[in-house]
Amino acid sequence: MHPSPAESIGLTARGPYLDDTNAHSDSNLSVSDTILEDDSDSLNENFQQRPKWRTLFSSKFTNRARRKPSKPGNVTREKIFLGKRKGSRLCLKVGFGILVLLGAIQLLSLIGSLVVLVLPQGVHKIVDLWGRPGHIGANLASWPTDFSRDITPIQCHSHNDYWRRVPLYSAIEAGCVGVEADIWLFQDELFVGHSIASLTPNRTLNSLYIYPLLDILSKQNPKHTLIPERDPQIHGVFDTDPEQTLIFLIDFKTAGAALWPYVQSALEPLRKQNYLTRANGTEIIPGPITVVGTGNTPFDLVDSDTSNPHHDIFFDSPLADMYEDPSSESLPLGTSPPEVTSNEGMQAEAPSTEDATNLERRSDEEGQGKSGTTSGNPDAYNTGNSYYASVAFGEAIGQLWDGKFSEDQLDKLRGQTRGAHKRGLKARYWDLPFWPISLRNHVWDVLVKEGVDLLNVDDLKGATKRNWNKHHGWWKRMKSVSYDVNGGIDGSIEGPAGAVF
């Protein structure tokens with residue numbers, strides 16, 4: 001039975017308030033739910049599309065996301081809260097604007113500085129463009145002897161110099177006054193290398209050292225029309241100190257007697273230009289290059305007028321044999337012997353009868369300071385036949401087990417250095433500790449302060465930094481080293497006699 005129209009209207013009118021009208025209400029709610037879901041999806045899509053930085057400053061989004069329905073009693077507090085939020089956003093915007101403005105000012109300042117550097121004005125422009133063609137000082141920016149400009153020579157020896165990426169030139173660039181080359185004789189050629197396995201046909205004594213030295217010295221002693229006659233003073237490789245000689249240490253690796261004539265022949269181009277230091281029997285005539293033979297260099301050939309007629313190859317004598325009591329007052333440390341006035345004075349003193357047998361006996365063990373030498377007479381070595389007095393550090397001084405020199409080791413160091421200086425020779429220790437760096441630097445400092453003339457170094461940069469204190473801290477604290485270290489080769493070479501290490 002169908003209801004009447006009135007009943008239908010009555011049911012429809014009160015349907016939303018009755019529980020028996022679920023069917024109608026469910027249909028109505030389903031439609032509204034769909035509309036709400038569409039609105040929510042639209043809101044989420046709009047939110048995702050908005051940049052994040054805009055959401056920070058968007059009051060509409062913030063209010064929509066965080067605002068809750070207000071009760072009648074909370075209207076005032078909500079207005080106060082919204083006012084505070086607006087003030088915070090305003091402060092944030094102002095702060096951000098100030099930061100952007102400061103960044104822009106800094107960027108403009110940097111660009112202005114770069115413009116000044118790229119386009120210098122006034123005196124800066126003259127200095128920057130000095131010597132360039134078309135500018136002030138054209139053709140005046142360089143000197144003929146600019147090869148070693150701004151390089152200050154220091155007393156270091158480039159050990160195994162041929163191992164460096166750029167032999168000879170790296171040592172000169174660092175300021176070292178000594179270089180070393182190991183030579184081997186094969187097939188009538190002098191090869192340079194640390195071992196036989198390292199030898200190559202193009203690394204020879206001529207290619208690595210003789211020819212480059214000739215080229216360097218020709219640049220340091222130019223011939224020009226202003227002064228047609230050559231300057232009587234021949235300049236060395238260092239422009240800042242033209243009188244400083246470069247010590248060329250040649251280590252004879254194969255038999256010394258067989259190597260000797262080949263070395264003499266290789267040095268002939270330097271000899272013809274008067275580039276070699278030589279002894280004339282009464283005095284030493286310095287030259288840009290001082291050649292010193294070590295390793296298997298035979299002392300008897302060096303000291304012979306026949307085999308060494310020009311006396312321009314000197315010997316690397318045994319430092320350990322020259323010990324002089326450092327406490328004696330006969331010759332202060334570092335004092336050179338009296339000037340030699342005659343050829344006889346440069347020769348060794350005549351041995352006593354009881355030593356004659358020992359002097360006639362030659363050393364059977366070859367090596368630095370031993371090949372072709374007499375035994376038992378350290379006075380055989382003098383400025384007429386020798387230049388260096390050298391010894392291995394570990395062999396002569398020993399290991400620094402405590403990280404410091406003992407009193408006995410200091411006595412040996414001072415006595416050997418004293419003996420070398422008494423004979424007019426330069427003291428040199430090789431095979432120095434190389435690690436840890438703190439110990440190495442400490443040894444360098446002590447050697448320099450005790451009067452050792454040249455540091456035998458592998459690390460050129462470390463030796464020439466002159467800030468050895470940088471690596472002394474932890475080592476000195478651990479080992480209680482109290483020696484006064486000023487650092488670097490420029491420090492005083494006179495160590496206090498009673499120094500505590």
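The paragraphs below lead through a predicted model, beginning with paired strands and moving on to helices, rings, the nonpolar core and some backbone details.

A good place to begin is strand S9, which covers residues 386-392 and is mostly covered, since seven of its seven residues are buried. On one side there is strand S8, residues 313-318, which is joined to S9 by four bridges and runs parallel with S9. Strand S10, residues 426-430, is also parallel to S9, and here five bridges make the connection. The residue Tyr-388 lets the reader follow both pairings, because Tyr-388 in S9 is the bridge partner of Asp-316, while Tyr-388 also stands opposite Lys-426 in S10. In a regular strand, side chains alternate between the two faces of the sheet.

Tyr-388 is worth a further look, together with its neighbour in sequence. How many aromatic pairs does the model contain? The count comes to 10 aromatic pairs. In the pair made by Tyr-387 and Tyr-388, the ring centres are 5.7 Å apart and the ring planes stand at 70°, and because an angle over 60 degrees counts as edge-to-face, this pair is described as edge-to-face. Tyr-387 has a relative accessibility of 17%, which lies under the 20% limit, so Tyr-387 counts as buried. Tyr-388 has a relative accessibility of 0% and therefore counts as buried too. The ring of Tyr-388 has a charged partner as well, for the charged end of Arg-428 sits over this ring at 5.0 Å from its centre. Elsewhere, ring pairs link Phe-299, Phe-315 and Tyr-381 into a cluster.

Two helices can be read in a similar way, by asking how long they are and what surrounds them. Helix H14 runs over residues 407-422, and its 16 residues, at 1.5 Å a residue, should span 22 Å, which agrees with the 22 Å between its end C-alpha atoms. The buried residues of H14 include Leu-410, Leu-413, Arg-414, Gln-416, Ala-420 and His-421. What covers the buried residues of H14 includes S9, S10, helix H13 (393-396) and H15. Gly-424 follows H14 and has a positive phi, near 75°. Gln-416 also has a partner that is distant in sequence: Asp-325 and Gln-416 are 91 residues apart in the chain, yet their C-alpha atoms are 8.6 Å apart in space. Asp-325 lies in the loop between S8 and helix H12 (356-360), and its relative accessibility of 38% makes it partly exposed.

Helix H15 covers residues 437-449, and its 13 residues should span 18 Å at 1.5 Å a residue, in agreement with the 18 Å that separates its end C-alpha atoms. Is this helix enclosed or open to the outside? Since 12 of the 13 residues of H15 are buried, the helix is largely enclosed by the rest of the structure. Among the buried residues of H15 are Arg-440, His-442, Trp-444, Asp-445 and Leu-447. Just after H15, Gly-451 takes a positive phi of about 95°.

Leu-447 appears again in the largest nonpolar core, which has 79 residues; of these, Leu-205, Tyr-209, Phe-248, Phe-393, Phe-405, Tyr-429 and Leu-447 touch the most other members. Helix H8, residues 205-220, supplies the largest share of this core, namely seven residues. Leu-205 can serve as an example of the contacts: leaving aside residues up to four places away in sequence, Leu-205 touches Ile-183, Leu-190, Val-192, Ile-210, Phe-248 and Ala-266.

Some of these contacts lead to another pair of strands. Strand S2, residues 176-186, and strand S3, residues 189-192, pair in the antiparallel sense over four bridges, with Phe-186 having Glu-189 in S3 as its bridge partner. S2 and S3 form a hairpin with two residues between them, and in the turn Gln-187 has a positive phi of about 55°.

Lastly, the loops hold some backbone details. In the loop between S10 and H15 lies Pro-436, and the peptide bond from Trp-435 to Pro-436 is cis, with omega near 0°. Asp-431 is also placed in the loop between S10 and H15, and its phi is positive, about 60°, although Asp-431 is not a glycine. Asn-274, in the loop between helix H10 (268-272) and strand S5 (278-279), likewise has a positive phi, near 60°, in a residue other than glycine. With a relative accessible area of 45%, Asn-274 is partly exposed.

Conventions. Residues are numbered from 1 along each chain as its sequence is written. This is a predicted model: local features need pLDDT of at least 70, side-chain atom pairs count only at pLDDT 80 or more; totals for chains, interfaces and linings use all residues. Side-chain values use heavy atoms; hydrogens and water are left out. Rings of Phe, Tyr and Trp (its six-membered ring) pair if their centres lie within 6.5 Å; planes under 30 degrees apart count as stacked, over 60 as edge-to-face and the rest as tilted. Buried means under 20% relative accessible area, exposed over 50%, partly exposed in between (1.4 Å probe, protein chains only). A charge sits over a ring if NZ of Lys or CZ of Arg is within 6 Å of the ring centre and within 35 degrees of the ring normal. A nonpolar core is a set of buried Ala, Val, Leu, Ile, Met, Phe, Trp, Tyr and Cys residues joined through side-chain atoms within 4.5 Å. Contact means heavy atoms within 4.5 Å. Two strands pair if DSSP finds at least two bridges between them. The expected span of a helix is 1.5 Å times one less than its number of residues.
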